[in-house]
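Biologist: I would like to learn how to read a model of this kind, beginning with its overall layout and then moving on to its charged side chains. Could you take me through it step by step?

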Amino acid sequence: TTMSTSHNMLEAITGPNMNYILEELEEIFPPITFNPEDSMEQIMYRSGQRSVVEWIVHRMEEVRSDAL
């Protein structure tokens, strides 16, 4: 009999997978297209969220290139 392991169960044992987390962040906070109806507050808030995702992507790329 084969035992299947769910992603959540595996994460509880091994810790979160950074690639999976990054995929989730990219889905939740995709690159933004603004329109004239957006307020300055909305633009700044959403841009801030996205800048965090972009920083993580950049940092992961640095770590990968340093490992080579």
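**Reading the salt bridges**

Modeller: Let us start from one residue of a charged pair in this predicted model: Glu26 has a relative accessible area of 29%, so Glu26 is classed as partly exposed, since that class lies between 20% and 50%.

Biologist: Before we follow that residue further, how many helices and how many strands does the protein chain contain?

Modeller: The protein chain has 3 helices and 0 strands, and its pattern, read along the sequence, is α-α-α. Of the 68 residues in the chain, 9% are buried, while the exposed surface comes to about 5,800 Å², with carbon and sulfur atoms supplying 58% of that area.

Biologist: How far apart should the end C-alpha atoms of helix H3 be, given its 28 residues?

Modeller: One takes a rise of 1.5 Å a residue, and for helix H3, which covers residues 40–67, this leads to an expected span of 40 Å; the end C-alpha atoms are 40 Å apart in the model, so the expectation and the model agree.

Biologist: Which residues of H3 are buried, and against which helix do they pack?

Modeller: Arg50, Val53 and Met60 are buried in H3, and the buried residues of this helix pack against helix H2, which spans residues 18–28.

Biologist: An arginine in that list catches my eye; why does Arg50 count as buried?

Modeller: The class is assigned from relative accessibility, with buried meaning under 20%, and Arg50 counts as buried because its value is 10%. Setting aside neighbours within four places in sequence, Arg50 is in contact with Glu26, Phe29, Pro30, Pro31 and Ile32.

Biologist: Glu26 has now returned as a contact of Arg50. How should I read a pair of this kind?

Modeller: The general idea is that side chains of opposite charge can pair when their charged atoms come close. Here the side chains of Arg50 and Glu26 form a salt bridge, with a distance of 2.9 Å from N to O. Because Arg50 belongs to helix H3 and Glu26 to helix H2, this pair ties together parts that lie 24 residues apart in sequence.

Biologist: What other salt bridge does the side chain of Arg50 form?

Modeller: Arg50 also meets Glu54 in a salt bridge, at 3.3 Å from N to O. Both of these residues lie in helix H3, 4 residues apart, which is about one turn of the helix. Glu54 has a relative accessibility of 45% and is therefore counted as partly exposed. Taken together, Glu26, Arg50 and Glu54 are linked in a network of salt bridges.

Biologist: How many salt bridges does the structure hold, and with which residue does Glu62 form one?

Modeller: The structure holds 4 salt bridges, and Glu62 forms one with Arg59, where the closest N and O atoms are 3.3 Å apart. Since Glu62 and Arg59 are 3 residues apart in helix H3, about one helical turn separates them.

Biologist: Are Glu62 and Arg59 buried, partly exposed or exposed?

Modeller: Glu62 is partly exposed, with a relative accessible area of 30%, and Arg59, at 37% relative accessibility, likewise counts as partly exposed.

Methods
Residues numbered from 1 in each chain as written. Predicted model: local features only at pLDDT ≥ 70, side-chain atom pairs only at ≥ 80, totals over all residues. Heavy atoms only, no water. Helix = DSSP H or I, 4+ residues; strand = E, 2+ residues; numbered from the N terminus. Expected span 1.5 Å × (residues − 1). Buried < 20%, exposed > 50% of the residue type's maximum accessible area, 1.4 Å probe, protein only. Contact = heavy atoms within 4.5 Å. Areas by Shrake-Rupley, 256 points an atom, 1.4 Å probe, with all protein chains shown as cover.
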